[in-house]
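User: Please take a close look at one part of this model, the nonpolar core and the strands around it, and describe in a connected way how they fit together.

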Amino acid sequence: MNLYDFTLDETLNVLRKKMGAEQLGRFELFNPDLHLSWENRQLLAKQWVDIEGNTLRSGSENLLYFKNSPVIIKVDGLFHFALCDEIKKKISQGQLVRTEATTCISLLNGEQNCPYCLHAVSYEGFDAYRHRHQQYNEKIIKDFNLSRFITTKSSIFKP
């Protein structure tokens, strides 16, 4: 069986050009175990959403992902944006059964950022395990702005 090569169809190529579609698209079937539904994506964009800790994974640029979306979670008074060693440890020890996640930047206030997340994404040479650079690390933590950092990494995060 030979499949038709739509990239050779002149009518479709003209239509693609009119639409301004420079690249061919791709399609991925929706899987509720792997993909956020529209409703879940809308909830995450507005509020903190309760999720299971074992559903978190590392995604693009070591950011923390819930299903197919980068998220920020709150654990023990810290914001986590990467699958850092602290989160991995809590998940493996069964201490992170449930947590709250969001993609809403305006909800990011009052908590500190996890230094191990900075380490996980290699933020400006930050090293959470090297104590001889303590003064440099403290300056990085003080100057770090999670909202600014996260919006440069993914367009999913909204104010």
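Analyst: A nonpolar core is here a set of buried Ala, Val, Leu, Ile, Met, Phe, Trp, Tyr and Cys residues that are joined through side-chain atoms within 4.5 Å. The model is a predicted one, and in this model the largest such core has 38 residues, with L56, V71, I72, I73, F81, F149 and I150 being those that have the most contacts inside it. At least two residues of this core come from each of strand 1 (49-52), strand 3 (64-66), strand 5 (72-75), helix 4 (115-120) and helix 6 (146-153). In soluble globular proteins, nonpolar side chains tend to be buried together.

L56 may serve as a starting point: leaving aside residues up to four places away in sequence, L56 touches I51, L64, Y65, F66, V71, I73, I91, L96 and T99. One of these contacts, I51, belongs to an alternating pattern along strand 1, where V49 and I51 are buried and point to one face, whereas D50 and E52 point to the other and are not buried.

Strand 1 is also part of an open sheet of five strands, whose order is 1-7-5-6-8 and whose pairing is mixed. Strand 1 and strand 8 (112-113) stand at the edges with a single partner strand each, so one side of each has no neighbour in the sheet. At one edge, strand 1 runs antiparallel to strand 7 (residues 98-102) and is joined to it by four bridges, with E100 as the bridge partner of D50. At the other edge, strand 6 (residues 78-80) and strand 8 run parallel and are joined by two bridges, and here Q112 is the bridge partner of L78.

Definitions and conventions: Residues numbered from 1 in each chain as written. Predicted model: local features only at pLDDT ≥ 70, side-chain atom pairs only at ≥ 80, totals over all residues. Heavy atoms only, no water. Buried < 20%, exposed > 50% of the residue type's maximum accessible area, 1.4 Å probe, protein only. Contact = heavy atoms within 4.5 Å. Pairing = 2+ DSSP bridges.
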